[in-house]
Amino acid sequence: MNINQFALIPTVHLSDGLEPLAVARLLADSFALTAVERDHRGGTPKFERDALRNSGLLSLIIPQQYGGYGANWQETLLVVREFAKVDSSIAHVYGFQHLMLATVRLFSRPDQWERWFEQTAQLDWFWGNALNPLDDRTISKSYAHWHEFSGKKSFCSGALDSEMLIASAIRKTDGELVIAAIPTLRTGITIMDDWDNIGQRQTDSGTVNFEKVRVEENELLTEPGPLSNPFACLRPLIAQLILTNIYLGIAEGAFNDAQNYTLHEARPWKNSNVALTSEDPYILSHYGEFWVSLEATRALTNLAAEKLDDAWAKELALTEEERGLVATSISAAKVLATRTGLDITSRMFEVAGSRATHAGLRLDRHWRNLRTHTLHDPIDYKIKELGEWALNGSFPNPTFYS
């Protein structure tokens, strides 16, 4: 990549009077110019992350009284989806920025999250993830007025090039999960550049090492704490809906790339008896099925976002039943987005033809990104939970994955 490509990233900011989605589209158009090469290279998308810092979009969900834009979840998730159409790694770290902000809002005291919100908006902080509750290798020891984290944490998306981390550890005395918000550059934290998967190659979802990291008492998220009430239990649902929008965005991006290739590059099959590929009845049938699936997924995903916003507005007045209804809505959208995405990212080659498999195009990145991400937690268990709801009226039990 040369310096001229870096210069193509526009300098835009929410303060310019543009709507968030308009800012996202301008940035996404520039990200698309280098997405193929960056997918091949992997590593940290530093210039793209800095463009996000300079855009004001990192504070999109932060209320205006704390210096943010004051968007709701529907607006924020549409921005995530817009980025996912061209670069699902950017969408991933951007979506997790808002998941981390939601984490401190839901799990900590007002005097904690209000300060972090203000600093994020003022200083354009990027938040990284080092929570991963399934990885229990990091241990927390308690001292008089502070704590110490030591161990490793895997799948730490966006940790590299971040200012703050949401980190978790297992408390040595009782085995309980402890979560903290700490500066990424704190002594004892080492972020490993060891992420080399087939997809999501620029999410920096590798390992973080904690070596006797000091964590202050006021950095622990204990009041009300993780999953402590129905409102706090919205955190895993926000995570699930962020992923759903990433999956849908990948599917839409694959559709767009396939459509462009079919119209401008693909050649009619010799037995089709048509002059143009766009007239082939079988190809038209594929596109019809793609469109139906996308429309259905958009409808379910948008409906889930509306329900999340309603639940978010209730705050501590949210009931377990209301939370459960949001959970089933988001799970249904995620299942459909997974199936739709995997179908389109695979079958797109049937409408584009064999030349579309040229390695330089890297059209396979859509499938690789989606397949990597959809293994985050198996949809078979989501379907089982939905079956429990549909047949027995039982809501999913709140965990970090449901």
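Leu325 is a residue of helix 9, which spans residues 320-352. In this predicted model, Leu325 has a relative accessible area of 35%, so the residue is partly exposed. Leaving aside residues up to four places away in sequence, Leu325 touches Trp389 and Phe395. Pro396 is 71 residues from Leu325 along the chain, and the C-alpha atoms of Leu325 and Pro396 are separated by 9.4 Å.

**Overall form**

The protein has eleven helices and seven strands. Its radius of gyration is 22 Å, which agrees with the value near 21 Å for a compact globule of 402 residues. Along the principal axes, the C-alpha atoms fill a box of roughly 80 × 60 × 40 Å. Of the 402 residues, 53% are buried. Among contacts with a separation of 6 or more, 75% are between residues 24 or more positions apart.

The exposed area of the protein is about 17,600 Å², and carbon and sulfur atoms supply 53% of that area. The protein carries 38 positive and 51 negative charges, and the mean positions of these two sets are 4 Å apart.

**Aromatic pairs**

The count of aromatic pairs comes to 17. Two of the pairs are set out below.

| Pair | Distance between ring centres | Angle between planes | Class |
|---|---|---|---|
| Phe155 and Trp195 | 6.0 Å | 70 degrees | edge-to-face |
| Tyr287 and Phe290 | 5.8 Å | 75 degrees | edge-to-face |

The pair of Phe155 and Trp195 links distant parts of the chain, with the two residues 40 residues apart. Phe155 lies in the loop between strand 3 (146-153) and strand 4 (164-171), while Trp195 lies in the loop between strand 6 (189-191) and strand 7 (208-216). Phe155 counts as exposed because its relative accessibility is 51%, where the cut-off for exposed is over 50%. Trp195 has a relative accessible area of 16%, so Trp195 is buried.

Tyr287 and Phe290 both belong to helix 8 (residues 281-314), where they are three residues apart, about one turn of the helix. Both of these residues are buried. Ring pairs also join Tyr287 and Phe290 with Phe255 and Trp291 in a cluster.

**A buried serine in a loop**

Ser59 is located in the loop between helix 3 (46-55) and helix 4 (73-86). Its relative accessibility is 5%, so Ser59 counts as buried. With residues up to four places away in sequence not counted, Ser59 touches Gly68, Tyr69, His98, Thr120 and Ala121.

**Backbone geometry**

Most residues other than glycine have a negative phi, and most peptide bonds are trans. The peptide bond from Glu223 to Pro224 is cis, with omega near 10 degrees. Pro224 is in the loop between strand 7 and helix 7 (234-264). Leu227 is also placed in the loop between strand 7 and helix 7, and has a positive phi of about 50 degrees although it is not a glycine. Leu227 counts as partly exposed because its relative accessibility is 23%.

Asp161 is another residue other than glycine with a positive phi, near 65 degrees. Asp161 is found in the loop between strand 3 and strand 4, and Phe155 lies in the loop between these strands too.

Technical notes: Residues numbered from 1 in each chain as written. Predicted model: local features only at pLDDT ≥ 70, side-chain atom pairs only at ≥ 80, totals over all residues. Heavy atoms only, no water. Helix = DSSP H or I, 4+ residues; strand = E, 2+ residues; numbered from the N terminus. Rg over C-alpha atoms; globule rule 2.2 N^0.38 Å. Buried < 20%, exposed > 50% of the residue type's maximum accessible area, 1.4 Å probe, protein only. Contact = heavy atoms within 4.5 Å. Areas by Shrake-Rupley, 256 points an atom, 1.4 Å probe, with all protein chains shown as cover. Lys, Arg positive; Asp, Glu negative; His and termini not counted. Charge placed at Lys NZ, Arg CZ, Asp CG, Glu CD. Phe/Tyr/Trp six-rings, centres within 6.5 Å; stacked < 30°, edge-to-face > 60°.
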